[in-house]
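Here are my notes on the model you sent over. I've gone from the overall build down to single residues, so have the viewer open as you read.

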Amino acid sequence: MSSYDPRIEAQLLGCLDAWRSDIIDFTCDLISTPSENPPGDERRIAQLVVSKLEQLGLHGATILGETAERPNVLYRLKGTRGSKVLLYVAHTDTKPIGEARTLWETNPFRPTIKDGKLYGLGAADMKAAVAAFVYAAAALMRLGVLEDDLLLALVADEEAGGKFGAHYLSAQYGLKADMGLIGEPPGVTREWEYIHLGCRGVCCFDIKVYGTQMHSSLSDRFPSVNASLKLAELILRMNRDLKLNFNPHPLCTGGVTVNLGVRLKGGVYFGVYPGYAEFGTDIRTVPGMDREALLQDIKTFLQDRQSEDPSLKVEFEFAPSPMDWIAPTEVSPDLPISQALARASEKVLGFRPAFSIYPAGTDSSKFQLEAGIPTVPAYGPGMISVAHGPNEWVGVESIIQASKIYSLAAYDVLGGNNRRSSNTVRLG
């Protein structure tokens, strides 16, 4: 059951409405602060976040990380009792602009509002959620309505697998909480489309094909194997015949995605018969799948091809950690934060989005599987379908809605009362 007090609810929503312009301005400041990964350096954006927390009266944030260039920001809003901890997570890095720079219709680092949409790199993924979490915490602090603790983790390095962010906090720092939420953009065709209770995992690997490197003018004189041609034949066959054994998930609409040739490499130069080629593959796995079973399916496929074609010399190699295997995750719809998000959404949006499985991977694999924190992997402003490409945007109203949903959900889970909280405590 919800712990909403209608008076407190109205005050939280009113406070965030009063901050509407400030919330949007802060989102714009975050977009204006580059944090592309790679190369990976979140120092400037971490300082911006800490400055905003201080400005809002949220004192005592901690900056910590494995290296100075890869900082994570932690802030704890203490309740009056402090026996339970709710974790709110957003990452501060973005994908690089890359070759898509020429396709942007605006400057990706100069936030632009047009037709109710805020454009800029990281707008949806996920600087709007950073702003919404910060202001939700500020509203809760102003009213002093929490019995238990809200912990903000604004983390580095999500876009490259989380080694310096979620993994560092979970495996080295020892982050603890009772449950969590990551504010990734949940929409595929529209904003606020789903509440994602699980997310697909990621498995990345290379297939290496070996042939005969020699002078290309002699390829008709001596027995030879063209590695690039063998690669082309193999990748087409893999697209047609690779079978992965898994149980379909009732909430995962797309099933397993096999993305072949996400990178390609082969040959040396004109005049050299290609003796080596390789291609990368990115598989998105559903909850219930495991690394060893997937590996066996791929090995069986490759062994069958080699039995058919003895001239095929091929090797399998996982990508470097952490991209080799990021496990899928799932939480129960009965987890208190799952239900609190549904109730808060109904208050703010007028409807409850359906529960689903996120198409992408998130930091939930670190927080849930390494730190033992049941974590809703994706619910926030924006759509994943506009991320990682040109002209990324988030709905301006969605940013305000997110701050309201986050504040109501935290109030719901962490308990409401009319006493002021003891505000903050420094994390050590």
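1. Let's begin with a residue that's easy to find: His388 sits in the loop between β17 (375-376) and β18 (393-395). Keep in mind that this is a predicted model. The phi angle of His388 is near 65°, a positive value in a residue other than glycine. His388 counts as exposed, because its relative accessibility is 53% and the cut-off for exposed is over 50%.

2. Asp115 makes a good companion to look at. You'll find Asp115 in the loop between β4 and β5, and its phi is near 55°, again positive in a residue that isn't glycine. With a relative accessible area of 71%, Asp115 is exposed.

3. Now the overall build. The protein has 10 helices and 19 strands. Its C-alpha trace spans about 85 × 45 × 40 Å along the principal axes. For 428 residues, a compact globule would have a radius of gyration near 22 Å, and the 24 Å found for the protein agrees with that.

4. What share of the residues is buried? It's 57% of the 428 residues. The accessible surface comes to about 17600 Å², and carbon and sulfur atoms account for 51% of that. As for contacts between residues at least 6 apart in sequence, 83% of them join residues at least 24 apart.

5. A quick word on charge. The protein has 42 positive and 50 negative charges, and the mean positions of the two sets are 2 Å apart.

6. Helix α2 (residues 20-31) deserves a look. Its 12 residues should span 16 Å at 1.5 Å a residue, and the end C-alpha atoms are 17 Å apart, which agrees. The buried residues of α2 are Ile23, Ile24, Phe26, Thr27, Cys28, Leu30 and Ile31. What do they pack against? Their partners are α1 (6-18), α3 (43-55), β4 (112-114), β5 (117-119), α4 (123-143) and α10 (396-414).

7. Check the prolines that come after that helix. Pro38 is in the loop between α2 and α3, and so is Pro39. The peptide bond from Asn37 to Pro38 is cis, with omega near 0°. The bond joining Pro38 and Pro39 is cis too, with omega about 15°.

8. Next, two threonines in the loop between β3 (85-91) and β4: Thr94 and Thr92. Are they buried or exposed? Thr94 is buried, with a relative accessible area of 2%, and Thr92 counts as buried at 3%; the cut-off for buried is under 20%.

9. Who are their neighbours? Leaving out residues within four places in sequence, Thr94 is in contact with Ser35, Glu36, Asn37, Leu121, Gly122, Asp125, Lys127 and Glu159. On that basis Thr92 touches Ser35, Glu42, Ile45, Lys127, Val130, Leu154, Val155 and Ala156. Ser35 and Lys127 turn up in both lists. Asn37, where one of the cis bonds begins, is among the contacts of Thr94.

10. Last stop: Gly211, in the loop between β9 (201-210) and β10 (214-215). Gly211 is partly exposed, with a relative accessible area of 30%. Apart from neighbours within four places in sequence, its contacts are Val225, Ala227, Gly275 and Tyr276. Have a look at Ser228 as well: Gly211 and Ser228 are 17 residues apart along the chain, with their C-alpha atoms separated by 8.2 Å.

Methods
Residues numbered from 1 in each chain as written. Predicted model: local features only at pLDDT ≥ 70, side-chain atom pairs only at ≥ 80, totals over all residues. Heavy atoms only, no water. Helix = DSSP H or I, 4+ residues; strand = E, 2+ residues; numbered from the N terminus. Rg over C-alpha atoms; globule rule 2.2 N^0.38 Å. Buried < 20%, exposed > 50% of the residue type's maximum accessible area, 1.4 Å probe, protein only. Contact = heavy atoms within 4.5 Å. Areas by Shrake-Rupley, 256 points an atom, 1.4 Å probe, with all protein chains shown as cover. Lys, Arg positive; Asp, Glu negative; His and termini not counted. Charge placed at Lys NZ, Arg CZ, Asp CG, Glu CD. Expected span 1.5 Å × (residues − 1).
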